[in-house]
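Got your viewer open? Let's take a short walk through this structure, one selection at a time.

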Amino acid sequence: MRVVVLGTGRMAVGIAAAAAGGSHPTTVVGRNAERARQAAREATTRAGRPVHGGPLDASAIGVADLVIETIVEDAGAKMDVLRLVGELGGPGLLVATNTSSLSLTELSAVLDRPERFFGLHFLNPADRTCLVEVAGGASTSAGALDAAAAFVESMGKHPIRVNAEVKGFVWNRIQFAVFRECLSLLEHGVADAADIDLAVSAGLAPRWMAIGPLGTADLGGLGTFVRVSGQLFPELSNAAEVPGSVVAGEALRPLAGADRAEVLELRERMLEIAARVVKAKAGH
């Protein structure tokens, strides 16, 4: 599959490296051709396979099988560039966006063939994480979603099928529900940022990596989890905004003074373990 990654930022580099690593001829394009070529060079280094770079024009889009848009998370900007992709691409072109917070149905309105449009939400770093969310809008065809899932699998990743159109898909809805509660705990002085992070990274994360939160409830006893839920749900944060006092202060800086190289190395090891867990589950 000839893949074009539209955008020149961090996610574009990772997605291009992942696509190239899956043996797909890959090109990075952008309105700034030199930045696209630089992103392609970075992707080439990470993938160990050639990734090309160039301008956003018909020379790349016109021969592509799949275009993955990765630009800034702004509906207007995305719709402008998707409209251009639709004009430049052929009738068989599949078009994807890496958004997880914007409406796919709204974005697809600028395309003549919205049935061939879907969301491919890669997790950062895109070339190292083992999951990709696959989601459709109101007009997305089943065939397009199947093609999207097959593409994800061709990169050695596992597709998370999002079966209803909701903002945030699956990953970010869970992530930001937990993040909101962590901010509330911090705001009310229940624990400091380092201990809140530790409660997740050394407490919840190992169990969730193995069996997930629903599996944890099943293993621990659904009756118990239902009873505790009834006690805690009314107490949990339902804040609609991030508390400004927390963000503006120094409390929300758990990595201050940390060795970033060590942190990234640890994350890399955890990603490798997660990939093995997903592979093992897929084999059952």
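**Stop one: a pair in H4**

Select Arg83, which is partly exposed at a relative accessible area of 36% (buried means under 20%, exposed over 50%, partly exposed in between, with a 1.4 Å probe and protein chains only). Before going on, know that this is a predicted model, where local features need pLDDT of at least 70, side-chain atom pairs count only at pLDDT 80 or more, and totals for chains, interfaces and linings use all residues. Residues are numbered from 1 along each chain as its sequence is written, and side-chain values use heavy atoms, leaving out hydrogens and water.

Now add Asp80, also partly exposed, at 45%. Arg83 makes a salt bridge with Asp80, and their closest N and O atoms are 3.3 Å apart (a salt bridge puts a side-chain nitrogen of Lys or Arg within 4 Å of a carboxyl oxygen of Asp or Glu). Why are these two about one helical turn apart? Because they sit three residues apart in helix H4, residues 75-88. Helices (H or I, at least four residues) and strands (E, at least two) are DSSP runs, numbered from the N terminus.

**Stop two: helix H2**

Select residues 33-47, which make up helix H2. Those 15 residues reach 21 Å from first C-alpha to last, close to the 21 Å expected at 1.5 Å a residue (the expected span is 1.5 Å times one less than the number of residues).

Which residues of H2 are buried? Color Ala33, Ala36, Ala39, Ala40 and Ala43 to see them. They cover an arc of only 115 degrees around the axis, so they lie on the same side of H2 (the arc is that of the directions from the helix axis to the C-beta atoms). Flip to the other side of H2 and you'll find Arg35 and Thr45 exposed.

Next, look at the ends. Asn32 caps the N-terminal end, with a side-chain oxygen 3.1 Å from the backbone nitrogen of Glu34. Just after H2, Gly48 takes a positive phi of about 70 degrees.

Stay with Glu34 and add Arg41: they form a salt bridge, with the closest N and O atoms 3.1 Å apart. Add Arg37 too, and you have a network of salt bridges linking Glu34, Arg37 and Arg41.

**Last stop: a link across the chain**

Select Arg161 and Asp146, another salt bridge, with closest N and O atoms 3.0 Å apart. This pair links distant parts of the chain, with Arg161 in strand E8 and Asp146 in helix H6, 15 residues apart. How many salt bridges are there in the whole structure? A search finds 11.

Conventions:
Polar contact = N/O pair within 3.5 Å; in protein donor to acceptor, adjacent residues only side chain to side chain.
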